[in-house]
Amino acid sequence: MYTFIPPSQHETYLKDFNLRCPNIKINIHYEPPGPLTERLLREKHAPQADVIWGVAATNLILMDWYDLLSPYSPANIERIKPEFRDSNKPPYWVGIDAWMIGLCVNPELLEKQGLPFPIAW
């Protein structure tokens, strides 16, 4: 399994799986989303992982464009808000977490450096 979920969170997520499927050993390869996406693109014709877990939706959309994903619809998919899953039926990805991204600006430093205030990403 390839993942971006920090190792400190693996136990929390895998506890239930290990109780239900004690005979399945999971080999976890942790890597940040960018390098992980690059790895999957390189492995397109010879995939080394059965599961991609905890990768940003933006990376999963890219993987879908390159036909790297297989559709999967978990039980009770209708209980997951549409914005947290792929719109295809069945979906190619389903979210398990959400992150906020913020942009912090020091206006005094921008002024001192003679830089404009950012108005977009």
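How far apart are the mean positions of the positive and negative charges of the protein chain? In this predicted model, the mean positions of the 11 positive and the 14 negative charges lie 5 Å apart. The paragraphs below set out the overall architecture of the chain, its salt bridges and two individual positions.

The secondary structure of the protein chain consists of 4 helices and 3 strands. Along the sequence, these elements are arranged in the pattern β-α-β-α-β-α-α. The radius of gyration of the chain is 18 Å, whereas a compact globule of 121 residues would have a value near 14 Å. Taken along the principal axes, the box filled by the C-alpha atoms is roughly 60 × 35 × 30 Å. Of the 121 residues in the chain, 23% are buried. The exposed surface of the protein chain amounts to about 9600 Å², and carbon and sulfur atoms contribute 56% of that area. When contacts between residues at least 6 apart in sequence are considered, 51% of them join residues at least 24 apart.

Side chains of opposite charge can pair when their charged atoms come close. A search of the whole structure identifies 3 salt bridges. One of these salt bridges is formed by the side chains of D16 and R20, with an N to O distance of 2.8 Å. Both residues belong to helix α1, which spans residues 7–20, and because D16 and R20 are 4 residues apart in this helix, about one helical turn separates them. D16 is partly exposed, at a relative accessible area of 42%, while R20 is exposed, at a relative accessibility of 64%.

Salt bridges also link E31, R39 and E43 in a network. Within this network, R39 pairs with E31, and the closest N and O atoms of the two residues are 2.8 Å apart. R39 also forms a salt bridge with E43, for which the closest N and O atoms are 3.8 Å apart. The two acidic partners are both assigned to the buried class: E31 has a relative accessible area of 14%, and E43 has a relative accessibility of 13%. R39 itself is partly exposed, with a relative accessibility of 22%.

The position of T37 was examined next. T37 lies in helix α2, which comprises residues 33–42. The relative accessibility of T37 is 5%, so this residue counts as buried. Leaving aside residues up to four places away in sequence, T37 touches N59, L62 and M63. These three contact partners of T37 fall within the span of helix α3, which covers residues 57–65.

P82 provides a second individual position. This proline is placed in the loop between α3 (57–65) and α4 (107–113). At a relative accessibility of 58%, P82 counts as exposed, whereas T37 counts as buried at 5%. P82 and V51 are 31 residues apart along the chain, and a distance of 22 Å separates their C-alpha atoms.

In summary, the chain contains 4 helices and 3 strands, and its radius of gyration of 18 Å may be set against the value near 14 Å for a compact globule of 121 residues. The charged groups include the pair D16 and R20 and the network of E31, R39 and E43.

Note on methods
Residues numbered from 1 in each chain as written. Predicted model: local features only at pLDDT ≥ 70, side-chain atom pairs only at ≥ 80, totals over all residues. Heavy atoms only, no water. Helix = DSSP H or I, 4+ residues; strand = E, 2+ residues; numbered from the N terminus. Rg over C-alpha atoms; globule rule 2.2 N^0.38 Å. Buried < 20%, exposed > 50% of the residue type's maximum accessible area, 1.4 Å probe, protein only. Contact = heavy atoms within 4.5 Å. Areas by Shrake-Rupley, 256 points an atom, 1.4 Å probe, with all protein chains shown as cover. Lys, Arg positive; Asp, Glu negative; His and termini not counted. Charge placed at Lys NZ, Arg CZ, Asp CG, Glu CD. Salt bridge = Lys/Arg side-chain N within 4 Å of Asp/Glu carboxyl O.
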